[in-house]
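The following exercises concern the structure shown below. Each task is followed by a solution that proceeds step by step.

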Amino acid sequence: MRKARWIAAATLAVAVTAAGCGGKSAGGKTADGTASATAGVAKKPVGTAPSHGTLLERAAGTWKYIATHDDSTLDTLVIKDGKATAKGAKLSCMGTFVPTKKDGQESATIAYTCQGGKDGGRGLGHLKVDPDGSSLVIDFDGPPGGWGGPVDSYRRA
């Protein structure tokens, strides 16, 4: 019985300490004793995406290419409302993601329309976004009859 009381008391002490006892901390006050405007406000890290929502909602934002750059690289990808704008040193493309289901999972495909008519051998692309929204991959099929296309890998800018 004593052991159960001791465990309950220790658990309560840990819970009260972790909760901060419900009082305001001194760090949230200015020199004159008033609460500062930023006290208790959690700032969202820059470049993060919601971990919920549809695939295209999680993909929305600006992305930077992370692999080796070449003439067909699309260095920056901007996704807004399901539309993509991708630009590189020598290639500039636009497209619209089409939501689909693949193997029972939410998916989206895209085919770029690029200036000059060449898409860098991409063809149809399949969008994947990490659950935490930190990275995005578009796996392209490549030209018809080919062996596959590039994989464009991005990190949130």
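Of the contacts in the protein with a separation of 6 or more, 34% are between residues 24 or more positions apart; a contact means heavy atoms within 4.5 Å. The model is predicted, so that local features need pLDDT of at least 70 and side-chain atom pairs count only at pLDDT 80 or more, while totals for chains, interfaces and linings use all residues. Residues are numbered from 1 along each chain as its sequence is written, and side-chain values use heavy atoms, with hydrogens and water left out.

**Exercise 1. Determine the order of the strands in the sheet and state which strands stand at its edges.**

Step 1. The secondary structure comprises 2 helices and 10 strands. Helices (H or I, at least four residues) and strands (E, at least two) are DSSP runs numbered from the N terminus.

Step 2. The 10 strands form an open sheet with antiparallel pairing, in the order β5-β6-β8-β9-β10-β1-β2-β3-β4-β7. Two strands pair if DSSP finds at least two bridges between them.

Step 3. The edges are β5 (98–102) and β7 (113–114); each has a single partner strand, so one side of each has no neighbour in the sheet.

**Exercise 2. Describe how β1 is paired with β2 and with β10.**

Step 1. Strand β1 (residues 61–65) runs antiparallel to strand β2 (residues 76–80), and 4 bridges join them. The bridge partner of G61 in β2 is I79.

Step 2. With strand β10 (residues 151–156), β1 pairs in the antiparallel sense over 3 bridges. Here K64 has R155 in β10 as its bridge partner.

**Exercise 3. Locate A84 and establish whether A84 is buried or exposed.**

Step 1. A84 belongs to strand β3. Strand β3 (residues 83–87) is joined by 5 bridges to the antiparallel strand β4 (residues 92–96), and K83 has T96 as its bridge partner in β4.

Step 2. A84 has a relative accessibility of 2% and therefore counts as buried. Buried means under 20% relative accessible area, exposed over 50%, and partly exposed in between (1.4 Å probe, protein chains only).

Step 3. Leaving aside neighbours within four places in sequence, A84 is in contact with residues including L77, I79, C93, F97 and Y112. G95 is also in contact with A84; the C-alpha atoms of A84 and G95 are separated by 5.2 Å, although the residues are 11 apart along the chain.

**Exercise 4. Examine the surroundings of T73 in the loop between β1 and β2.**

Step 1. T73 has a relative accessible area of 3% and is buried.

Step 2. A polar atom of the T73 side chain lies 2.6 Å from the backbone nitrogen of D70.

Step 3. Not counting residues up to four places away in sequence, T73 touches Y65, T68, G88, A89 and R122.

**Exercise 5. Identify the salt bridges and state which parts of the chain each one ties together.**

Step 1. The whole structure holds 2 salt bridges, a salt bridge being a side-chain nitrogen of Lys or Arg within 4 Å of a carboxyl oxygen of Asp or Glu.

Step 2. One joins D71 and K90, at 3.7 Å from N to O. D71 lies in the loop between β1 and β2 and K90 in the loop between β3 and β4, so the pair ties together parts 19 residues apart in sequence. D71 is exposed at 51% relative accessible area, and K90 is exposed at 63%.

Step 3. R122 forms a salt bridge with D152, with the closest N and O atoms 3.0 Å apart. R122 lies in the loop between β7 and β8 (124–129) and D152 in strand β10, so this pair ties together parts 30 residues apart in sequence. Both R122 and D152 are buried.

Terms used: A polar contact is a pair of N or O atoms within 3.5 Å; within protein, one must be able to donate a hydrogen and the other to accept it, and residues adjacent in sequence count only if both atoms are side-chain atoms.
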